[in-house]
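These are my notebook entries on a single protein model. I set down what I looked up, one topic at a time.

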Amino acid sequence: MKVRVLGCSGGIGGRNQRTTALLVDHDVLIDAGTGVGDLEFEELLQIDHVFVTHAHLDHIAMIPLLVDTVGEARSMPIVVHGSPETLRILRSHIFNWLVWPDFSSIPDRGNPFLRFQEMRVGESAKLGGGRQVTALPALHTVPAVGYQVSSEGGSLVFSGDTAYSEPLIAAINEIPDLRYLIIETAFPDALHDLALASRHLCPSLLALFLERIKAHPEVWITHLKPSRAQTTLDEIASYCGRFSPRALYNGLEFSL
Ligand SMILES: [Zn+2]
Ligand SMILES: [Zn+2]
């Protein structure tokens, strides 16, 4: 199994800044931020599943356009997986015939372009090829989850957007074969209060989080604000924990 980074920034701009999206092999997305827009039509056509961490725009922006672009050319619906709360938000506020058509009833309810699949924390989806995606508890301003993506070669955890979360730490510590941890750090320490209010992490909170992780995964940082990225990375480096977190970047590929 391969996991490729399509977008990992807290903003847009230029060739390098894309919002959150990971491509698992050729057919599964974890979040669908603006990075998905770099895929060719033939690649978009192969996406069968989208696992959404939460309903914020930077994580779901490309779902409406993806479905509209490939729907007619596919024989099966694209399945959007998320918590019941997240799917309710997407139905009510995006696929509501006002912002975008309800593609779960187009061209008809029996054979739609899009299907919503509820997934609660702790539940797993089996994807074939021995691959599995499991929802982990996260803590954000809206209902949010992280995901564990597993195959025979081990597990990758993606935190999604989250504050410091004991349940998430506990869930990560339950994973015996954890190889990669992709975790957000949206703000530098100078914006600690904003990080708390918006339920994101800053370097000092990340350090507390990582101190509690028992395994020894590679740690990769995502969701850096473009204007504050270097400051944030310098602060992370200064904490000198037993992990040496690195900044995630577009095109990076993990093998599992
Ligand atoms: Zn968010
Ligand atoms: Zn976000």
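**Entry 1: the zinc ion (ligand 1)**

I began with the protein donors of the zinc ion (ligand 1), keeping in mind that the model is predicted. I found four donors: His54 through NE2, His56 through ND1, His140 through NE2 and Asp161 through OD. They lie 2.2 to 2.3 Å from the ion.

I next checked the geometry of this site. The angles among the four donor atoms run from 89 to 168°, and the site is irregular. The reason is a cut-off: four donors count as tetrahedral if all angles lie between 85 and 135 degrees, and as square planar if opposite donors are over 155 degrees apart and all others between 65 and 115; anything else is irregular.

Along the sequence I noted the spacing H-x1-H-x83-H-x20-D for the donor residues of the zinc ion (ligand 1). Distant parts of the chain are linked here: His54 is in the loop between strand S4 (49–51) and helix H2 (57–60), while His140 is in the loop between strand S8 (131–137) and strand S9 (145–151), 86 residues apart.

Are these two histidines, His54 and His140, buried or exposed? His54 is buried, with a relative accessible area of 0%. His140 counts as buried too, at 5% relative accessibility.

**Entry 2: the zinc ion (ligand 2)**

I then turned to the other metal site. The zinc ion (ligand 2) has as protein donors Asp58 (OD), His59 (NE2), Asp161 (OD) and His223 (NE2), at 2.1 to 2.2 Å.

Which residue coordinates both the zinc ion (ligand 2) and the zinc ion (ligand 1)? I found Asp161 in that role, and the two ions are 3.5 Å apart.

This site is irregular as well, with angles of 90 to 165° among its four donor atoms. The donors of the zinc ion (ligand 2) follow the spacing D-H-x101-D-x61-H. His59 in helix H2 and His223 in the loop between S12 and H8 are 164 residues apart, a pair that links distant parts of the chain.

I also looked up how accessible these two residues are. His59 has a relative accessible area of 0% and is buried. His223 counts as buried at 3%. I recorded one backbone feature of His223: its phi is near 70°, a positive value in a residue other than glycine.

**Entry 3: strand S9 and its sheet**

Because His140 lies in the loop that leads into S9, I followed the chain into that strand. S9 is mostly covered, with seven of its seven residues buried. Val145, Tyr147, Val149 and Ser151 point one way, whereas Gly146, Gln148 and Ser150 point the other way. This agrees with a general rule: in a regular strand the side chains alternate between the two faces of the sheet.

What are the partners of S9? S8 pairs with S9 in the antiparallel sense over six bridges, and Leu136 stands opposite Gly146. S10 (residues 154–158) also pairs with S9 in the antiparallel sense, over five bridges. There, Val157 is the bridge partner of Gln148. S9 and S10 form a hairpin with two residues between them.

S10 pairs in the parallel sense with strand S11 (residues 178–184), over four bridges. In that pairing, Leu156 has Tyr180 as its bridge partner.

I then wrote down the whole sheet. It is open, has seven strands in the order S7-S8-S9-S10-S11-S12-S13, and shows mixed pairing. S7 (124–128) and S13 (246–247) stand at the edges with a single partner strand each, so one side of each has no neighbour in the sheet.

**Entry 4: the largest pocket**

The largest pocket has a volume of about 220 Å³. Of its 16 lining residues, Cys8, Ser9, Asn16, Gln17 and Leu248 are the closest to its centre. Strand S12 (218–222) and helix H8 (229–238) are the elements that give two or more residues to the lining. H8 gives the most, with three residues. By class, I counted nine nonpolar, six polar and one charged residues in the lining.

**Entry 5: the loop between H4 and S6**

Last, I looked up backbone features in this loop. A cis peptide bond joins Ile106 and Pro107, with omega about -5°. Pro107 lies in the loop between helix H4 (84–93) and strand S6 (114–118). Trp97 is placed in the loop between H4 and S6 as well. Trp97 has a positive phi of about 75° although it is not a glycine. At 55% relative accessibility, Trp97 counts as exposed.

How values were computed. Residues numbered from 1 in each chain as written. Chains lettered and ligands numbered in written order. Predicted model: local features only at pLDDT ≥ 70, side-chain atom pairs only at ≥ 80, totals over all residues. Heavy atoms only, no water. Donors = N, O, S within 2.8 Å, 3.2 Å for Na, K, Ca; no water. Tetrahedral: all angles 85-135°; square planar, octahedral: opposite > 155°, others 65-115°. Buried < 20%, exposed > 50% of the residue type's maximum accessible area, 1.4 Å probe, protein only. 1 Å grid on protein atoms, 1.4 Å probe; cavity = no way out; pocket = protein on both sides within 12 Å on 5 of 7 lines; lining within 4 Å. Points joined across faces, edges and corners; volume = space filled by probe spheres on them. Nonpolar A, V, L, I, M, F, W, Y, C, P; charged D, E, K, R; others polar. Pairing = 2+ DSSP bridges.
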